[in-house]
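Please consider the following structure with attention to its strands, its helix packing and its interior. The discussion proceeds from one enclosed strand outwards to its surroundings.

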Amino acid sequence: MLVDEAQYAPNLFSYIKMKVDRSDENGMYWLTGSQQFHLMKNVSESLAGRVGIVNLNSFMYSEIKRNTSKVLFDPLNLKKAEKIDVNELYELIYKGGMPALYKDSNIDSNIYFQGYLDTYISRDVRELTEVGNVDSFKKFIVSVASRTGEQLNYSALANDAGISVPTAKSWLSILTSSGLVYLLEPYMSSELKRITHIPKIIFMDTGLACFLAGWDSPRELQLSSSSGHYLETYVVSEIIKSYNARGIRPNLSYYRDKDKNEIDLIFYKNNTLYPFEIKKTASPNKSMIKNFDLLSKVNKKVGTGGIICLYDDLMHLDEKNFIIPISSVINGKD
């Protein structure tokens with residue numbers, strides 16, 4: 001049995017619990033809902049330890065292109081894929097992955113996103129006691145979207161919205177709990193003394209982020225100084241979405257130290273670190289991975305890494321690292 005918008009029937013959960021406890025059968029009930037706060041509250045109170053949870057994000061590139069052979073991005077099993085033109089790529093970043101925009105090509109994305117924002121705030125956020133001033137919350141979410149791909153700065157977010165830092169922290173937790181924002185945590189190790197403890201903001205739908213930040217066109221975004229941050233956001237969010245769709249939480253982080261040395265993305269798997277740079281370039285070179293050497297101080301193996309970029313083909317950069325087209329990350333095939 002599938003129950004949609006299950007959060008509107010909170011009394012149902014206790015009966016489902018009784019039925020589940022009497023049976024060894026898995027998958028008896030599928031509960032879906034668009035209000036995550038209330039749905040998860042009921043799940044945690046009544047069905048703890050009895051459920052598997054899958055977070056559904058907006059469409060991935062592979063879903064937009066109906067690529068049913070999409071495989072997870074795996075540093076140990078890199079895949080070739082069809083080339084994606086850079087102009088097409090920024091059109092995808094600008095449009096995002098909201099299903100309604102692909103179901104009906106006549107929908108004005110600005111009108112859609114404005115309606116989405118108003119609905120999200122009026123239906124979900126207003127019901128939470130942490131949000132009192134809706135106008136300030138709108139300013140806050142615009143500030144977060146404008147800083148996607150950057151390190152989190154609560155003071156700057158608070159100043160933009162005219163709120164206190166504790167309020168900014170509370171409101172950001174709402175955005176992360178609802179799945180709109182993912183915080184990419186910094187890599188932490190006792191062997192590294194000067195590393196940052198600040199997470200990085202990843203807005204999970206780049207189309208919504210572009211709307212909130214006020215970008216008028218894909219071309220304007222592509223030529224802007226923020227284009228690299230939005231590209232990085234898109235790549236990281238696509239990886240997270242693909243893992244979420246299979247009920248898996250990837251172990252991702254990034255590296256940055258007090259000297260501003262940075263590694264954009266680190267996979268941690270089987271006690272091994274896999275470092276990656278994400279660059280808006282079609283001409284990658286070895287100097288772009290020089291910071292990978294910083295991981296040699298860590299008491300862990302450093303595995304295959306590379307530069308995720310606008311190059312056409314998957315190929316070796318050196319003996320250990322690869323040049324990885326963005327298409328291989330977001331559209332990898334068997």
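**An enclosed strand and its surroundings**

In this predicted model, strand E11 is covered on both faces: Asn321, Ile323 and Pro325 are buried on one side, and Phe322 and Ile324 are buried on the other. This division of the residues may be read against a general pattern. In a regular strand, side chains point alternately to one face of the sheet and to the other. Strand E11 spans residues 321-325, and since 5 of its 5 residues are buried, the strand is largely enclosed by the rest of the structure.

Which strands pair with E11? Strand E9, residues 305-309, pairs with E11 in the parallel sense over 5 bridges. Within this pairing, Ile307 has Ile323 as its bridge partner in E11. Strand E10, residues 315-316, pairs with E11 in the antiparallel sense over 2 bridges. Here His316 has Phe322 as its bridge partner. The connection from E10 to E11 is a hairpin of 4 residues.

A further strand, E4, can be described in similar terms. In E4, which covers residues 200-203, Lys200 and Ile202 point one way while Ile201 and Phe203 point the other way, and all are buried. Strand E3, residues 181-184, runs antiparallel to E4 and is joined to it by 4 bridges. Val181 has Phe203 as its bridge partner in E4.

Phe203 also leads into the interior. The largest nonpolar core has 68 residues, and Phe203 is among those that touch the most other members, together with Phe140, Val144, Leu175, Ile239, Phe267 and Ile308. Helix H12 supplies the largest share of this core, 8 residues. Ile239 touches Phe73, Leu252, Leu265, Phe267 and Val329, when residues up to four places away in sequence are not counted. Another core, of 17 residues, lies apart from the largest one and includes Tyr255, Ile266, Phe292 and Cys309. As a general background, nonpolar side chains in soluble globular proteins tend to be buried together.

Helix H12 also packs against another helix. Helix H4, residues 86-95, and helix H12, residues 227-244, meet at an angle of about 75°, and their axes are 11 Å apart. The angle therefore makes H4 roughly perpendicular to H12. From H4, the residues Leu89, Tyr90, Leu92 and Ile93 meet Ser227, Gly228, Tyr230, Leu231 and Tyr234 of H12. Classified by type, this contact contains 7 nonpolar residues, 2 polar residues and no charged residues.

Two asparagine residues in loops remain to be considered. Asn67 lies in the loop between helix H3 (61-64) and H4. Is Asn67 buried or exposed? Its relative accessibility is 11%, so Asn67 counts as buried, the cut-off for a buried residue being under 20%. Asn67 and Asn331 are 264 residues apart along the chain, and their C-alpha atoms are separated by 7.6 Å.

Asn291 belongs to the loop between strand E7 (272-278) and strand E8 (301-302). With a relative accessible area of 13%, Asn291 is likewise buried. Its contacts, leaving aside neighbours within four places in sequence, are with Asn261, Glu262 and Ile263.

Methods. Residues numbered from 1 in each chain as written. Predicted model: local features only at pLDDT ≥ 70, side-chain atom pairs only at ≥ 80, totals over all residues. Heavy atoms only, no water. Buried < 20%, exposed > 50% of the residue type's maximum accessible area, 1.4 Å probe, protein only. Pairing = 2+ DSSP bridges. Axes fitted to C-alpha atoms, helices over the stretch in contact; angles between N-to-C directions. Parallel < 35°, antiparallel > 145°, perpendicular 65-115°, else oblique. Contact = heavy atoms within 4.5 Å. Nonpolar A, V, L, I, M, F, W, Y, C, P; charged D, E, K, R; others polar. Core = buried A, V, L, I, M, F, W, Y, C linked by side-chain atoms within 4.5 Å.
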